[in-house]
Amino acid sequence: MLKAGGKMVSNCLRSYQNGEMGSTGPTIELFETAEDWHGYEYDSVLLRAVEEIYVEIFQEIFANNRVKLSVFHVTNGRTSRWFQERGFPYLDGMGEGLGEYLKDPEENDDYDDDDDDDGEEEEEE
């Protein structure tokens with residue numbers, strides 16, 4: 001849950017069983033951001049935090065296994081596209097179920113803390 005000004009603005013309900021697909025594994029059951037707070041990147045911050053939590057929990061098994069984070073009951077097209085843009089392809093063929101394989105933190109360079117938008121490193125002078 002993320003708060004701003006004492007109000008909850010973004011929330012994520014997660015579980016360790018995907019009831020829709022009948023499988024086990026980390027699952028986002030509900031993911032929402034208050035309408036007044038769309039466009040402030042709270043949703044992206046919350047998703048990154050959820051991914052980091054699961055990476056930490058499952059870090060011990062990354063050497064021999066892949067861990068899939070699933071999202072289900074995505075019934076809004078815009079939300080489905082939002083998750084797809086963040087690396088969650090369809091799992092069910094209908095667009096309501098999406099998932100991504102979590103990355104070992106040793107191999108994960110997707111989150112560049114540098115504010116440089118072009119992806120190039122700045123040279124020291």
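**Exercise 1. Decide whether Ser10 is buried or exposed in this predicted model, and find which side chain makes a polar contact with the side chain of Ser10.**

Step 1. The relative accessibility of Ser10 is 1%, and because buried means under 20%, Ser10 counts as buried.

Step 2. Place the residue in its element: Ser10 belongs to strand S2, which covers residues 7-18.

Step 3. List the surroundings, leaving aside neighbours within four places in sequence: Ser10 is in contact with Met1, Leu2, Glu32, Thr33, Tyr42, Asp43 and Leu46.

Step 4. Turn to the polar atoms: the side chain of Ser10 makes a polar contact of 2.9 Å with the side chain of Thr33, and a polar atom of the Ser10 side chain lies 3.3 Å from the backbone oxygen of Glu32.

**Exercise 2. Work out in which order the 5 strands of the open sheet are arranged, and which helix packs on this sheet while touching S1, S2, S3, S4 and S5.**

Step 1. The strands follow the order S1-S2-S3-S4-S5, and their pairing is mixed.

Step 2. At the edges stand strand S1 (2-4) and strand S5 (98-101), each of which pairs on one side only.

Step 3. Neighbouring strands of the sheet are turned against each other by 20° on average, with direction ignored.

Step 4. For one pair in detail, strand S4 (residues 68-71) and S5 are joined in the antiparallel sense over 4 bridges, and Ser70 stands opposite Gly99 in S5.

Step 5. The helix sought is H1 (residues 42-58), whose direction makes about 35° with that of S2; helix H2 (residues 77-85), in turn, lies across S3, S4 and S5 and runs at about 120° to S3.

Conventions:
Residues numbered from 1 in each chain as written. Predicted model: local features only at pLDDT ≥ 70, side-chain atom pairs only at ≥ 80, totals over all residues. Heavy atoms only, no water. Helix = DSSP H or I, 4+ residues; strand = E, 2+ residues; numbered from the N terminus. Buried < 20%, exposed > 50% of the residue type's maximum accessible area, 1.4 Å probe, protein only. Polar contact = N/O pair within 3.5 Å; in protein donor to acceptor, adjacent residues only side chain to side chain. Contact = heavy atoms within 4.5 Å. Pairing = 2+ DSSP bridges. Axes fitted to C-alpha atoms, helices over the stretch in contact; angles between N-to-C directions.
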